[in-house]
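User: I am new to this structure and would like to go through it by question and answer. Please show it first.

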Amino acid sequence: MSKIVVVGTNHAGTAAIKTMLSQYGSENEIVTFDQNSNISFLGCGMALWIGEQIDGAEGLFYSNKEELESMGAKVYMESPVLNIDYDRKVVRALVNGQEHVESYDKLILATGSQPIIPPIKGVELQKDSLEFKATLENLQFVKLFQNSEEVIKKLEKPGINRVAVVGAGYIGVELAEAFQRKGKEVVLVDIADTCMGGYYDRDFTDMMSKNLEDHGIELAFGQAVQAVEGDGKVERLVTDKASYDVDMVIMAVGFKPNTGLGNGQLETFKNGAWVVNKKQETSMKDVYAIGDCATIYDNSRDDINYIALASNAVRTGIVAAHNACGYELEGAGVQGSNGISIYGLNMVSTGLTLEKAKEAGFNALETSFNDLQKPEFIKHDNHEVAIKIIYDKDSRVILGCQMVSREDVSMGIHMFSLAIQEKVTIEKLSLMDIFFLPHFNKPYNYITMAALAAE
Ligand SMILES: Cc1cc2nc3c(=O)[nH]c(=O)nc-3n(C[C@H](O)[C@H](O)[C@H](O)COP(=O)(O)OP(=O)(O)OC[C@H]3O[C@@H](n4cnc5c(N)ncnc54)[C@H](O)[C@@H]3O)c2cc1C
């Protein structure tokens with residue numbers, strides 16, 4: 001029997017614990033620590049909750065301490081791990097205010113990520129705040145259930161009428177929509193001159209920017225935030241180009257891996273994430289890292305990368321669980337597949353954008369096609385779809401894909417995800433069997449048409 005200690009019990013840690021206990025029963029002793037008071041909050045629900053598109057937060061959790069304990073784990077909540085002695089194989093945590101020492105045979109690190117605190121005047125955290133509370137009232141970071149709950153409570157009281165969201169990645173864009181749906185005036189600020197530039201090329205992001213503007217959201221792109229000002233609470237946001245009088249500022253400029261417990265002894269990536277192989281093994285024997293605290297193999301670049309997503313957290317948790325329990329398993333890697341739905345405009349992408357593919361040194365080309373989802377004679381629920389496929393001119397291998405529509409085209413992007421993973425060429429895609437039924441699509445499907453149009 002091995003004793004396996006899991007540090008961090010959120011999406012990645014929970015997936016690992018559940019896999020170990022459901023697949024290997026009581027073969028191992030499983031002990032886990034988390035500094036938070038709740039498990040498995042789906043951050044993606046935050047915007048839906050604020051924008052009142054769901055009734056409340058109840059459905060935003062899928063596990064808890066009781067469930068993990070009923071499966072056989074020893075779970076310490078509100079118990080931060082303070083340090084780890086990798087030579088002695090010992091974890092030191094604070095449990096009920098007392099130092100608690102736990103030895104391990106194998107260790108799974110699932111400490112996740114933390115909001116990036118940009119070096120901006122007025123933007124700082126309260127000392128020792130584990131819940132990312134800012135010193136300035138109504139300056140909000142978004143990560144935990146507690147952060148969402150705090151924002152919701154503040155919105156229930158009068159006084160918050162104008163909100164600035166800083167960071168126009170997918171979280172910032174979702175929150176901008178949510179505040180506007182809640183009846184607030186919203187300004188969305190980013191230093192880049194567009195939104196979601198990491199996932200989509202400019203023609204696609206322009207569609208999203210227009211969508212946001214059409215719904216009354218003010219876009220302040222290409223502006224560097226210089227200060228958040230106010231007497232004790234937020235009063236204004238100052239950029240290098242303008243000043244905005246606002247009552248609340250949401251800082252959503254990204255996340256960094258939370259890897260302080262590595263103590264400089266585990267190999268790290270350029271952003272500090274723990275470097276892992278496809279078995280989730282770190283550079284230290286018997287120590288695994290999963291989820292947002294670790295790197296992940298990116299098939300579109302054929303290299304390790306940092307892609308912080310819940311989808312990656314659960315999969316890497318499953319892989320580490322098997323390896324820690326003695327069954328060797330390699331993850332398939334990822335393509336950074338993602339999706340967003342704003343006021344009914346759905347965008348999905350996987351792999352590299354054209355811009356990113358060129359930056360990565362590929363001889364990248366794009367082929368695109370716009371069409372209706374279904375034949376013209378279908379008069380209802382038949383929307384336009386735009387697709388763009390990125391491929392390498394020399395090897396012909398597909399590198400990325402983006403789709404946008406008011407239809408739900410999300411299932412299509414999963415196919416491209418597999419295509420990138422399996423190095424499928426654009427020619428293979430052009431002759432792939434895509435069925436036709438007017439209820440679903442056209443005889444010449446836009447995927448086929450885009451692939452046939454490749455140079
Ligand atoms: C607003 C928002 C929306 C999102 N939307 C999506 C989405 O739509 N789709 C998607 O795939 N992803 C989404 N994400 C990203 C997703 O939430 C993360 O990728 C995911 O939470 C990573 O899970 P994790 O378990 O690796 O890390 P985390 O969720 O960061 O969990 C780490 C855990 O470790 C604990 N911990 C840290 N340090 C210690 C310590 N020293 N001792 C004890 N415990 C410790 C923490 O308390 C925490 O519970 C969203 C994130 C946010 C914030």
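User: Which residue just after α9 takes a positive phi?

Analyst: The model is a predicted one. Helix α9 covers residues 410-421. Just after α9 there is a positive phi of about 60°, and the residue that takes it is Lys423.

User: Which elements do the buried residues of α9 pack against, and what arc do they cover around the axis?

Analyst: The buried residues of α9 are Gly412, Ile413, Phe416, Ser417, Ala419 and Ile420. Because they cover an arc of only 160° around the axis, they are on the same side of α9. They pack against β21, β22, β25, α10 (426-430) and α11 (446-452). The arc they cover is 160°.

User: On how many faces of α6 do its buried residues lie, and which exposed residues are turned away from them?

Analyst: In α6, the buried residues are Phe204, Thr205, Met208, Ser209 and Leu212. Seen down the helix axis they fall within an arc of 140°, so they line one face of α6. Their cover includes α5 (170-181), β11 (185-190) and β12 (218-221). The face turned away from the buried side carries the exposed residues Lys210, Glu213 and Asp214.

User: What span is expected for α6 at 1.5 Å a residue?

Analyst: Helix α6 runs over residues 202-214, which makes 13 residues. From its first C-alpha to its last, α6 reaches 18 Å. That is close to the expected span, 18 Å.

User: How many of the residues of α1 are buried?

Analyst: Helix α1 has 14 residues and reaches 20 Å from its first C-alpha to its last. The buried ones include His11, Thr14, Lys18 and Leu21. Among the elements that cover them are β1 (3-7), β2 (29-33) and α7. The helix is mostly covered, and the number of buried residues is 10 of 14.

User: Which helices each supply at least two residues of the shell around the ligand?

Analyst: The ligand is surrounded by 32 residues, and the closest are Gly8, Gly43, Cys44, Gly112 and Gly291. By class, the shell has 15 nonpolar, 14 polar and 3 charged residues. The helices that each supply at least two shell residues are α1 (11-24) and α7 (310-324).

User: Which helix gives the largest share of the largest nonpolar core?

Analyst: In soluble globular proteins, nonpolar side chains tend to be buried together. The largest nonpolar core here has 76 residues, and those with the most contacts inside it include Val165, Val173, Leu188 and Val249. The largest share of this core is 7 residues, and the helix they come from is α5.

User: How many residues are in the second, separate core?

Analyst: This core includes Val75, Tyr288, Ala289 and Cys325. It is separate from the core of 76 residues. The second core has 47 residues.

User: Does Pro118 count as buried, exposed or partly exposed, and why?

Analyst: Pro118 is in the loop between β8 (113-115) and β9 (139-141). Not counting residues up to four places away in sequence, Pro118 touches Val123 and Val253. A residue needs 20 or more C-beta neighbours within 10 Å to be buried and 12 or fewer to be exposed. Because Pro118 has 14 C-beta neighbours inside 10 Å, it counts as partly exposed.

Terms used
Residues numbered from 1 in each chain as written. Predicted model: local features only at pLDDT ≥ 70, side-chain atom pairs only at ≥ 80, totals over all residues. Near = placed C-beta within 6 Å. Helix = DSSP H or I, 4+ residues; strand = E, 2+ residues; numbered from the N terminus. Nonpolar A, V, L, I, M, F, W, Y, C, P; charged D, E, K, R; others polar. Expected span 1.5 Å × (residues − 1). Arc of directions from axis to C-beta. Contact = placed C-beta atoms within 7 Å. Core = buried A, V, L, I, M, F, W, Y, C linked by C-beta atoms within 7 Å.
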